[in-house]
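Here are some worked exercises to try with the model open beside you. Have a go at each task before reading its solution.

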Amino acid sequence: MQFPLSAQAVPTFLFALFAKDHRTDVHPWCLAIAGLTSCAYVFVVYFLHIQNNPDALPIDAGVSGFALNMAIVISLEAVRRAVFGNVATDGTTTVFPGRPQWDMPKWSRFGDKPLTPQLLWKSMEGTNEVITNPWFVVGMVFAITMMTPMVPGLEPPISADGVFAYEPSVVNGLPWWAFKIIMFCLPPTVLLLYAIYQYPNEYFTPDEKKIETEGIDPDLVELTREEMGRRTSYDEQNVLVQRRKSSIVATMEELGLTKEMDIEEEKATRRMSTPSQRKLVSLVSARRLENHNEQTDKIDEAAEEMEVDAKLAEETELTD
Amino acid sequence: MVGIPNEAYATGWNALRWVSTVYGFVFGYMSTSLRIRRAGLLRNHQSPTDLITDRYQSQVLRYTTLLLQLLPSIVYLAAQIIAIKVTFNSIFNLDPDAAYPVVIIMLCIVLFEWLGGLSSVAITDSVQAVVMVCAFICIPCVIFRNFGGWQDLDPETYPKPQFYQTPTRQTQWKYWQFSLVNFAFLTLPHLIQRVYAAKDLKSMKYSFTVVTLAPWFTSIVPVFMGTMAVAFLVNADGTTPATPASPFTAILEALMDLGGFPKGIAIVAVVASLAAIMSTADSILIAISQLVTVEIIYPLTPNASPNLVTWYGRCVSLLATVFSLLIG
């Protein structure tokens, strides 16, 4: 039963992870209704039809439940868009606004902006993902399907006294169809090993020069070990993370990286790393630091250098 | 690894479906783990449902997902309890319905989980897996040496000749569906926990490589054990197959009767198989504990101290164990 039941959560996870934008995203209530309906379907089919029924149809409650689940999701979403229009937004406050307050959980422990499909896709830029290659998905499903025997059933026939009508074909003692299954294990093994080879050793991060000249989206900065798991109450905001992100934003504003730059100005900036640019890189790469004290020192050092630079700039202005 | 020899003993080479299904599981788990982990690192996700809560900000969907993760976990835990009861009682020739051994074992699991948390669960998982794989490399060698291999079987004299027939159409349909359905393992909370807890992507890569190659040792070997056992676990007349309550333990008992190295390997396999079932049970238990504590209890007591939340988790572990024992 556990396999069919867990299959009913798959559509929710797939849409959550791989919807590209508000056009391909699905309203959470559609996912919830579909999940609950298909869960009930699994129980009904399993206990009322499949269990202890020798004449049961050869349906798997999980696979058929998943198909039902997806059909309900698509139908409900189509009806919702036809009736209400697509109210999904770019998610500055929430991805699907207009829902009652009781449906909105507390989520400040995650950040001050919602996790949108765009943010998730942006965070995966530069990282190789085989599942986003439709040919690989088709290939895997095909390779797994080919492992099914797909042969005429109950051959060779056996008489009532247990004698074969003709000798069964065997390969090294195995029935030929069992040998075929084992041989057909090789393609999915090879495909998966190829996919694992493509699996990155770390997530893509822009190089330091790019961070210095173009900045970085603060929402794409990974949390350090120290920043993760720090909670003394249920929905406590993560102060360490907010502090680091604020420092990044402030440094980028100082560098003028939030505004569009003149091409020549950009070229000039690329030629050398200023102290501010180095500060920005060190703030972003705080994850590489193991020692919490070293991280705090770096942030404090960056703040001090900002003050020094500000004073220098003031003095330069006065001199001018 | 305990169930496959039993299934192979009952249904023959149709038990190879467990080989096919591993590829669906690895495909789903590996493909989604990159994003789940990435989102967790950017957004401080801790609970297996946090991704959905953060992504959709909907209580309705959050608790629906929680239900769809809890239900299979409880069923999975109950299945492990049944497996412990059958295996343990069979090994020690106890009454098959005796419940006290499995109750004691589950209470021990709860205690060790309280003491060691996820670290102890993960470490014991790794240790028992290594021992199990070593045992499952040695056992077919012992069977081959003492009872022969597949090439020594004669379909005409094999006690269950129906195993040589091609599967029925219905069986083939179910085979195909079973190969695909375990793509859904990606939603299981104890597997999402491991995505969050992994040291880095490299260690996840090693894990996926091991699991991809594992069917050649952990699925095909048990099928070999089960199908060969039909030939050497026969009744006194020498032709009709025996009907042991647990063919897996009957196979190991037959190896123990050989003495020497086979006996040693069989004892290791018995211990390792019990350890494997127990480690699966404690993984599920800690996942259930986290889900219920973080998603249900903590929101109701938002200012509870971390120490108190830990005790909530321990109580939930105990209650989940009791509930699953009653079901199992």
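Two exercises follow, one on a helix and one on an interface.

This is a predicted model, in which local features need pLDDT of at least 70 and side-chain atom pairs count only at pLDDT 80 or more, while totals for chains, interfaces and linings use all residues. Residues are numbered from 1 along each chain as its sequence is written, chains are lettered from A in the order in which they are written, and side-chain values use heavy atoms, without hydrogens and water.

**Exercise 1.** Compare the expected span of helix H2 (residues 17–43) of chain B with the distance between its end C-alpha atoms.

*Solution.*
1. Helices are DSSP runs (H or I, at least four residues), numbered from the N terminus.
2. The expected span is 1.5 Å times one less than the number of residues, so the 27 residues of H2(B) should cover 39 Å.
3. The end C-alpha atoms lie 38 Å apart, which agrees.
4. H2(B) also bends by about 35° at B:Ser33, the bend being the angle between axes fitted to the seven residues ending there and the seven starting there.

**Exercise 2.** Describe how chain B meets chain A.

*Solution.*
1. Counting contacts (heavy atoms within 4.5 Å), 99 residues of chain B touch 121 residues of chain A.
2. H2(B) gives the largest share of the side of chain B that touches chain A, 21 residues.
3. The rule finds 4 salt bridges across this interface, each a side-chain nitrogen of Lys or Arg within 4 Å of a carboxyl oxygen of Asp or Glu.
4. A:Glu129 forms a salt bridge with B:Arg35, with the closest N and O atoms 2.9 Å apart.

Technical notes: Helices (H or I, at least four residues) and strands (E, at least two) are DSSP runs, numbered from the N terminus.
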